[in-house]
Amino acid sequence: MMSDKVQIIGLTQDELIAKLKEFGFETFRAKQIWHWVYVKGATDFAQMSSISKGSQKVLAEHFTMARPVAAKDLTSFDGTRKWLLEFPDGNKIETVFIPEEDRGALCVSSQVGCTLSCSFCHTGTMPLVRNLSAQEIISQTLVARDGLNEWGKKREECLFTNIVMMGMGEPLYNYEQVSKALKIIMDGEGISISKRRITLSTSGVVPMIERCGEELGVNLAISLHAVRDELRDILVPLNKKYPIKELLEACRNYPAANNARRITFEYVMLRDVNDSDADARELVRLLKGVHAKVNLIPWNPWPGAVYETSKRERINAFAKIVNDAGYSAPVRATRGQDIFAACGQLKSDSERKKGEKVWLGDKPAS
Ligand code: SAH
Ligand code: SF4
């Protein structure tokens, strides 16, 4: 049963202040509560020692900060961590933490499944169940702070420093909720991860790209994967709607990119499909005039897929052509493959129930 309490997670600080005012709480109290939730990681009002017992009782009666349950919590041999989160309606999504030496990125999901059936992506084989709400998107960061034991720590003591919107789903098809969640995550008095440490990856929803740059100013990553429309139509079917030329034009105009903040072009390396020298040269030609860097991703296999990963020498030869043209083109290290947490391997067993309406708009399902 859904609770009729007000869910704090998912409200902006201003919304929380306004909501709490209705119950007689002053602004400074609301700010204290915000701090408890997003800096200290409180999950129970009784933990909020700066709030009187009486007020705690009022809060507990009318508000909640319940989090989704981590139904699974797996750690790879390389330290990559994956949580399978279950929501009250039974839907499940995956969130992955990829630690590096002095930092780490949380790979956050934006939808249960994905409507865009890219032929090389495991998530694309899932029927979309629904968009995630801002609350569900933010909750992924809270669960990660819990799991990594990073509440109340100084920034330099935290390993979770960055966010990549590269989990399940197409974030620009759920823009309203994604943008609300990211604004809350960026709030300097809360989780406080800045736009420079957030990267949003899109398969190329051209009409939303400018707005994303203007309103959020986050780093942009584009799932390009092919340099010719005929091939990209197959790999990333959204290309039929927004072909390469239009996509690159939107990138040239991306408000939050410059020489120091380049757009990442993700390029999955598929053996004998998109990995020739000619492809690399065409890629260089296409990127002219774009503040770009390239990320080569060895394709991660999943059951039933028809592709193979390019040979290492092929990837290196491809990278060299792109590098020699002046673009950085690192090969993304494959992480967490043993726990099925690598790029494009995420999938949960959520299925669309028979007769259930799928919503793709920007409003949460009621
Ligand atoms: N829907 C968005 C966000 C997901 S990001 C997007 O497509 O950009 C996930 C990244 O991993 C994308 O670049 C995607 O193309 C890539 N990917 C998908 N399946 C993959 C696989 N099997 N191996 C390697 N990369 C994959
Ligand atoms: Fe969806 Fe991105 Fe996978 Fe394509 S690559 S199916 S857009 S999650």
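The following exercises, with worked solutions, concern a predicted model.

**Exercise 1. The sheet**

Task: Determine the strand order of the open sheet and identify its edge strands.

Solution:
- Step 1. The open sheet contains nine strands, arranged in the order S3-S4-S5-S6-S9-S10-S11-S12-S13. Their pairing is mixed.
- Step 2. Strand S3 (69–75) and strand S13 (292–298) each pair on one side only, and these are the edge strands.
- Step 3. On average, and ignoring direction, neighbouring strands of this sheet are turned by 20° against each other.

**Exercise 2. Two strand pairs within the sheet**

Task: State whether S3 and S4 run parallel or antiparallel, and do likewise for S9 and S10.

Solution:
- Step 1. Six bridges link S3 with strand S4 (residues 81–86), and the sense is antiparallel. Val69 has Glu86 of S4 as its bridge partner.
- Step 2. S3 and S4 make up a hairpin, with five residues between them. In the turn, Gly79 has a positive phi of about 95°.
- Step 3. Strand S9 (residues 162–165) and strand S10 (residues 198–202) run parallel and are joined by three bridges. Here Val164 stands opposite Thr199 of S10.
- Step 4. Helix H5 (residues 175–186) packs on the sheet and touches S9 and S10. The direction of helix H5 makes about 165° with that of S10.

**Exercise 3. The surroundings of ligand 1**

Task: Describe the shell around ligand 1, list polar side-chain contacts to the ligand, and state what share of its area the protein buries.

Solution:
- Step 1. Ligand 1 is surrounded by 20 residues, of which Gly169, Ser201, Ser223, His225 and Asn300 are the closest.
- Step 2. By class, this shell holds nine nonpolar, nine polar and two charged residues.
- Step 3. At least two residues of the shell come from each of S10, strand S12 (263–269) and S13. S13 was identified in Exercise 1 as an edge strand.
- Step 4. An oxygen atom of ligand 1 lies 2.6 Å from a polar side-chain atom of Ser223. A side-chain N or O atom of Trp299 is 3.0 Å from a nitrogen atom of the ligand. For Glu170, a polar side-chain atom lies 3.5 Å from a nitrogen atom of ligand 1.
- Step 5. Ligand 1 taken alone exposes 530 Å², and the protein buries 94% of that area.

**Exercise 4. The surroundings of ligand 2**

Task: Name the residues around ligand 2 and sort this shell by class.

Solution:
- Step 1. The surrounding residues are Cys114, Leu116, Cys118, Cys121, Gly124, Gly169 and Ser203.
- Step 2. Four of these are nonpolar and three are polar, with no charged residues.
- Step 3. Gly169 belongs to this shell and is also listed among the closest residues to ligand 1.

Key
Residues numbered from 1 in each chain as written. Chains lettered and ligands numbered in written order. Predicted model: local features only at pLDDT ≥ 70, side-chain atom pairs only at ≥ 80, totals over all residues. Heavy atoms only, no water. Pairing = 2+ DSSP bridges. Helix = DSSP H or I, 4+ residues; strand = E, 2+ residues; numbered from the N terminus. Axes fitted to C-alpha atoms, helices over the stretch in contact; angles between N-to-C directions. Contact = heavy atoms within 4.5 Å. Near = heavy atom within 4 Å. Polar contact = N/O pair within 3.5 Å; in protein donor to acceptor, adjacent residues only side chain to side chain. Areas by Shrake-Rupley, 256 points an atom, 1.4 Å probe, with all protein chains shown as cover. Nonpolar A, V, L, I, M, F, W, Y, C, P; charged D, E, K, R; others polar.
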